[in-house]
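Q: Could you show me how to read this structure, one feature at a time?

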Amino acid sequence: MTYDLVIRNGTIVDGLGGEPYVGDVAVQDGVIKAVGDINGAAAAKEIDATGLLVTPGFVDLHTHYDGQAVWSDRLTPSSAHGVTTVVMGNCGVGFAPCRQEDHDVLVDVMAGVEDIPGVVMTDGLPWSWETFPEYLDALEAGKRDIDVAAYLPHSPLRVYVMGQRGADREPATPEDLAKMRALAKEAVEAGALGFASSRLTIHKTESGAPIPSYDAAREEIEEIARGVVDGGGGLLQFVPDIPSGGYQPVLQMVFDVAEDLRLPVTFTLIVGNSGEPFWPDAITMVEKANANAGASAPQFTAQLLPRPIGLIIGLQLTANPFVLYPSYREIADLPLAERVAEMRKPEVRARILADKPGAGHPILYVAQAWDWIYPLGDNPNYEPDPADSIGARARARGVSPLEEAYDRLLDDDGHAMLMVAMSNLENNSLDTVGKLLHRDDVVLGLGDGGAHYGMICDASYSTYFLTHWARDRKSGRFSIAEAIRELTSVPARIAGLADRGRIAEGYKADLNVIDHAALRLHKPVITHDLPAGGRRLDQTADGYVATVVSGQVIAENGVPTTARPGKLVRGRQRAPVRV
């Protein structure tokens with residue numbers, strides 16, 4: 001037999017946690033046709049994987065490519081880090097359903113919550129849809145490198161049904177609730193993986209208001225969830241109001257609804273850097289909910305990033321410690337070289353350092369969390385030594401943290417980047433994160449690809465997980481079989497995508513060929529490839545010899561090919577039936 005693709009003599013990591021073994025993988029018509037010893041078979045294309053890992057493609061449960069999947073045919077950074085399927089519509093924000101008169105409302109929400117410039121959305125989106133099924137049709141019509149799947153997002157749904165009343169967070173009437181339930185049913189029948197919502201305080205619109213879903217009542221969550229059941233079922237994704245109220249009582253309300261309706265839930269888990277830990281409450285709730293569910297695999301899962309959620313700040317980015325200072329705002333729009341020249345003047349330096357911040361988005365204030373801010377170098381370190389923080393460096397120099405930050409921002413002629421480790425460094429390490437990730441009810445997520453374009457570049461977490469946690473770290477490590485399982489079959493199962501995430505006959509031919517020893521993350525870079533010339537952070541890696549989607553090679557040695565086999569995944573997918 002002649003196959004479309006044969007990957008020969010690689011170390012096959014099956015995605016289920018099985019012991020790796022040397023063998024071949026043959027692909028035909030986008031499906032894995034044979035695994036093992038395939039000597040003698042011909043192929044249109046062959047890849048010699050001797051000494052390399054052959055893994056399933058990675059599945060990313062938490063992205064925001066809702067816009068980028070429309071205006072771009074490449075979903076980077078994710079597709080540069082072995083990801084072959086992304087789930088979007090997270091946090092209850094997105095672009096459908098949406099009437100023409102409400103475009104500005106959703107742009108305001110996405111600009112504030114996900115740091116996507118408004119002009120990027122107004123120029124980049126054709127708005128050729130109104131309903132959620134029409135949005136899915138627009139996604140299906142496009143070409144891209146990897147597969148996409150989507151939740152029905154709460155905030156657009158609320159505004160679509162209630163208009164300005166929804167944007168203003170007024171209580172939903174019985175008529176509103178009936179419409180939401182019907183539209184949720186329609187969305188799931190059209191291909192939504194489920195429903196997503198958020199209560200996070202810092203999720204605000206660009207104009208400073210809470211998002212439409214912020215304080216929606218239990219009745220509203222329940223009726224929409226009933227619509228998901230009516231449509232055939234799906235996953236509920238939720239972001240609790242962690243900074244304000246922890247995980248009780250709102251997350252428990254979502255759990256109660258899900259238990260009543262027998263729906264699975266996945267939610268955001270954060271490990272605080274300091275203070276009284278609040279993550280144990282969430283774990284206790286998850287354990288109880290899964291015990292009540294009685295299923296063989298966890299139905300209630302917490303998503304956790306395997307490194308700090310890293311706000312990247314600098315003079316070319318959305319945030320820096322002085323971005324809200326009036327004296328800095330006077331020069332903020334100058335070209336970088338001119339701005340740096342001004343900032344190096346003693347009188348300008350003195351004036352800015354003596355200033356006070358004005359009002360702004362809540363997330364901008366974390367740019368002064370001095371003991372959690374670190375220089376981000378060419379070999380980015382996401383578990384840094386506390387002595388390298390801006391606060392510690394300032395104390396060692398005998399200067400204020402503001403002065404130290406000011407000077408570090410001017411390094412590399414103003415191109416320097418600093419990382420604000422906003423979470424996950426409990427006791428100044430990732431030890432707690434590692435322990436939690438070894439649990440079956442805690443899963444990888446929260447990379448936020450497609451969002452926070454000028455602030456965050458965490459969609460590379462898959463590469464970090466494979467290097468830091470499955471190779472370099474001395475304690476709490478994962479075996480390569482365990483690590484690949486966490487990146488593939490586990491998120492695929494949670495999303496309901498049982499047709500991918502493992503290497504076996506009949507499964508979707510989404511694959512990676514990886515030089516694990518050579519795997520290396522590069523420092524994030526700034527590109528201007530968004531619509532209207534918009535700026536975004538991107539990050540690449542060495543060590544991905546090939547990434548394959550539906551049997552087609554989309555990248556070789558970090559260089560993208562012209563293949564664009566990515567499709568819209570409509571709804572949950574069954575595991576293949578092996579004849």
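A: Happily! Helices (H or I, at least four residues) and strands (E, at least two) are DSSP runs, numbered from the N terminus. In this predicted model, the chain has 21 helices and 25 strands.

Q: What should I know about the numbering and cut-offs?
A: Residues are numbered from 1 along each chain as its sequence is written, and side-chain values use heavy atoms, leaving out hydrogens and water. Local features need pLDDT of at least 70, side-chain atom pairs count only at pLDDT 80 or more, and totals for chains, interfaces and linings use all residues.

Q: How many of the residues count as buried?
A: Buried means under 20% relative accessible area, with a 1.4 Å probe and protein chains only. Here 61% of the 579 residues count as buried.

Q: Which contacts join residues at least 24 apart?
A: A contact means heavy atoms within 4.5 Å. Among contacts in the chain between residues at least 6 apart in sequence, 75% are of that kind.

Q: How many disulfides does a search of the whole structure find?
A: A disulfide is a pair of cysteine sulfur atoms within 2.5 Å. The search of the whole structure finds zero.

Q: Why is there no bond for the sulfur of Cys 91?
A: The closest cysteine sulfur is in Cys 457, and because it lies 17 Å away, it is too far for a bond. Cys 91 is buried, at 4% relative accessible area, and Cys 457 is buried too, at 2%.

Q: What does the C-alpha trace span along its principal axes?
A: The C-alpha trace of the chain spans about 75 × 60 × 45 Å.

Methods:
Buried < 20%, exposed > 50% of the residue type's maximum accessible area, 1.4 Å probe, protein only.
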